[in-house]
Amino acid sequence: MSIDFSLGEEADAIAQTLKRFARDQAGGAVVPCARFSPDLWRKLCGLEIFSLTGAKEIVAVMEALGKTNFPGPLATTFAAAQLFEGDDRARIVSGEMLVAMGELHGDGLFPWAAIAQRFVWCERDRAFAARAISIEPVETLGCEPWGKVRLERESEFRHAGRALAIADIALGAYLAQAGRYLVEAASEHAKTRTQFGRPIGDYQAVAHALARCATELAAAAALTRVAAHSFDAERKNCRVTSAAAKVSAGKAANSASQVVHQVFGAFGVTEEGPVFPVARRIRQLTLTPGADATARAHLLEHVGLIRSESV
Amino acid sequence: MSVSLFVGSAEEEEFRADVIRFISEYRGLNGFHFQGSKWPEVKALYRAIGQCGWMSIGWSDAAGGLGRSAVREFILWDEMAYARVARPPLGAGIVAKTLIAHGTEAQKQKWLPPIRAGEKFFSLGYSEPGAGSDLAGLSTRADLHGDHYVVTGEKCWTSYAQDSDYLWTLVRTGAVEDRGRGLSLMILDLHAPGVSVRPLPTIDGEQLNQVVLDAVEVPVEHRIGPENAAWRLVKDALDVERHVQFPPARLRRDLEELVAWLRKHEHELDPVVQRTVAALGVGVFEVEALALLVLESVVKGRPGDVEAAQNKLAHAELSQKIARAPFELGLSEALIYGPIEFLYRQSTWETIGGGTSEIMRSVVARQGLGLGGRS
Ligand SMILES: Cc1cc2nc3c(=O)[nH]c(=O)nc-3n(C[C@H](O)[C@H](O)[C@H](O)COP(=O)(O)OP(=O)(O)OC[C@H]3O[C@@H](n4cnc5c(N)ncnc54)[C@H](O)[C@@H]3O)c2cc1C
């Protein structure tokens, strides 16, 4: 990548539209962590964002949605739009059909399984269309309708590696901005909340903790954009940079949640408070089954600790 | 039975066995985490504790207590925490001990018997919207009108106010500039005209409360200690109650639940899981040791501000480390509603309620190390 972190004018315009849309729908700065709303989802799909194929545009969309805590299987749907073709693809990008995508481990916990119509079973960089034999819905921390499933594989998708890379990039972009939203909200609070005669942001215990979060999030956001440029330029390192971006953004966003909870004091642990709706979603998004191990495998291979056969 | 680091005398361990026997009838109650939603059951439990004489176990004979040492109180509430049945009520601790030390005879007569019996309950009305960490900045005013005060202001984050009878409250009777020297301590009837209690639901599924006080009349004889002298009383009360506030067995229980959960999901052989759990196990020992330092300071009547701050800090942070471990380990099943997911939400407030970790570090820095203080 050249030294240019901008996403381009087209992407910037998309970001503006999305920001307006998300705020109009939420009626405030962020969407509360309510249950998934099919209606809201279809409205989002109506903006035709899931037809986008360029990583920079997708990053623009996801950054805008991350800032507003927008719900839904966003990264998955971007990936699914790359995997599916024809009628299925049209129904997915229009919001008529919902896709659940993930790895299958242990007791079969699977994101979005409770309400999905199509299943994509991933195994590292391979992906298979699958049929659900059984689905047991579960309630989760982030209010996403997951389920425990038994799946049966059908056909294998082509180009799965690229679709999974775009899912990682999309998630990285979302998480870095969700974390950024929290840090900005906490910084505003720290400027106006006075204790012992001074704004609490004057205390290094508060200011330094937020500065550390801002730094981690800046690295994650920059890395996500690097990965997007890599993806668009079809560079070889795109898979590892996308995995790194997702891991980095997840780590930074989770640690921002914790610091920001602390900065808001008791208000931050109330349901009315601004932190938990975002923090719980961040946790959920960073814990998809198997995602950790797959990202780790890409990174360890890249640094030479393991060879691809041993993964 | 919890495997506590602390082993008391033969009599003390006999007492522990009595407590465990008593608790066995209440297993599964979880009034420790759900006092609000389980209030009728928790109230019945407190009454039963009162009937055993244990509400007043550490009060002097003269005050109607059993006159036992702080060690018994520690054992009682540590076992209650381990079994998750209940937390020490404010009335039998801070309120009663302050009344015993500083109250008038009439005040002792009025409040100690129902507290001892587990019949009357108190909430702590210190924090306000403008005064959390900086308690000395509070602004709820109490103005004297003949034989009563008129109290106007707002308290917030008040635990259990929805079920309590009284608010043990700090109010401003002096000038704002006087900070801590302008505060008085009062017992305010939560059912008096002018009091309104609004729930503030919390992320653990329970609630705190906003308590609005609109010209509430409080009889002068409900003021505890002299006017404008509350600061000293509040500090003294903490000194004699700090050994039961953060019972370490709660953390041992958290760790046991984590281990059971890891086994259930077959993660126990993963070397990274093992390393994490071993480190948490050391953490539990450390917090128990710190809690015993606090207990020692209370038993020996030594100042223990630094020990108490270190204990609170380590306790709160370890509760979060235990609850967050499965999430940090990337174990997605932790997201499913259940004991681990609950601890994750609940422990979020441990580093805030009862004084934030930042303030605890400031106390350790200032009083323990002679360093700068708040920044
Ligand atoms: C579950 C729970 C139960 C509670 N129950 C009660 C109750 O029953 N009765 C009651 O009176 N109160 C209660 N509280 C309130 C509690 O005491 C306060 O939340 C706490 O003192 C912090 O105050 P605050 O929330 O206003 O945060 P603030 O004081 O506004 O603090 C916000 C942030 O700034 C930091 N900060 C503030 N000052 C400094 C400084 N000088 N240096 C460095 N950092 C600083 C804090 O550490 C925190 O991170 C409860 C709180 C909780 C969470």
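Hi everyone. Let me begin with a term: a cavity here is a set of grid points where a 1.4 Å probe fits but cannot get out. With that rule, and a floor of 30 Å³, this structure has 4 cavities. Please keep in mind that we are looking at a predicted model.

Let's go to the largest cavity, which has a volume of about 480 Å³. Its lining is made of 35 residues, and the closest to its centre are T76(A), M101(A), A167(A), L171(A) and T288(A). Which elements of chain A each supply at least two lining residues? They are α4, β1, α6, α8, α9 and α10. Helix α6(A) gives the largest share, with 5 residues. As for chemistry, 20 of the lining residues are nonpolar, 7 are polar and 8 are charged.

One of those contributors, α4(A), deserves a moment. The helix spans residues 74-83, and 9 of its 10 residues are buried, so α4(A) is largely enclosed by the rest of the structure. Among the buried ones are T76(A), T77(A) and F78(A).

Now follow α6(A), residues 160-192, to L164(A). Is this leucine buried or exposed? L164(A) is buried, at 9% relative accessible area. Its contacts beyond the sequence neighbourhood include M101(A), C122(A), R124(A) and R239(A). L164(A) also sits 9.2 Å from A243(A), C-alpha to C-alpha, with 79 residues separating them in sequence.

Two of those contacts, C122(A) and R124(A), bring us to the strands. Strands β3(A) and β4(A) run antiparallel and are joined by 5 bridges, with C122(A) opposite A127(A). They form a hairpin with 2 residues between them, and R124(A) in the turn has a positive phi of about 50 degrees. On we go from β4(A) to β5(A), again an antiparallel pairing, this time over 9 bridges; there, P137(A) faces G147(A).

Over to chain B, and the second largest cavity, at about 80 Å³. It is lined by 13 residues, and those closest to its centre are M55(B), E73(B), W77(B), A92(B) and E241(B). Helices α4 and α5 of chain B are the elements that give two or more residues to this lining. The classes here are 9 nonpolar, 1 polar and 3 charged.

What does the side chain of E73(B) join in a polar contact of 2.8 Å? The partner is the side chain of H243(B). That histidine lies in helix α8 of chain B and is buried, with 3% relative accessibility. H243(B) also touches residues including F74(B), K97(B) and V298(B).

That's my tour, thanks for listening!

How values were computed. Residues numbered from 1 in each chain as written. Chains lettered and ligands numbered in written order. Predicted model: local features only at pLDDT ≥ 70, side-chain atom pairs only at ≥ 80, totals over all residues. Heavy atoms only, no water. Buried < 20%, exposed > 50% of the residue type's maximum accessible area, 1.4 Å probe, protein only. Helix = DSSP H or I, 4+ residues; strand = E, 2+ residues; numbered from the N terminus. Pairing = 2+ DSSP bridges. Contact = heavy atoms within 4.5 Å. Polar contact = N/O pair within 3.5 Å; in protein donor to acceptor, adjacent residues only side chain to side chain. 1 Å grid on protein atoms, 1.4 Å probe; cavity = no way out; pocket = protein on both sides within 12 Å on 5 of 7 lines; lining within 4 Å. Points joined across faces, edges and corners; volume = space filled by probe spheres on them. Nonpolar A, V, L, I, M, F, W, Y, C, P; charged D, E, K, R; others polar. Lists of a residue's contacts leave out its neighbours within four places in sequence.
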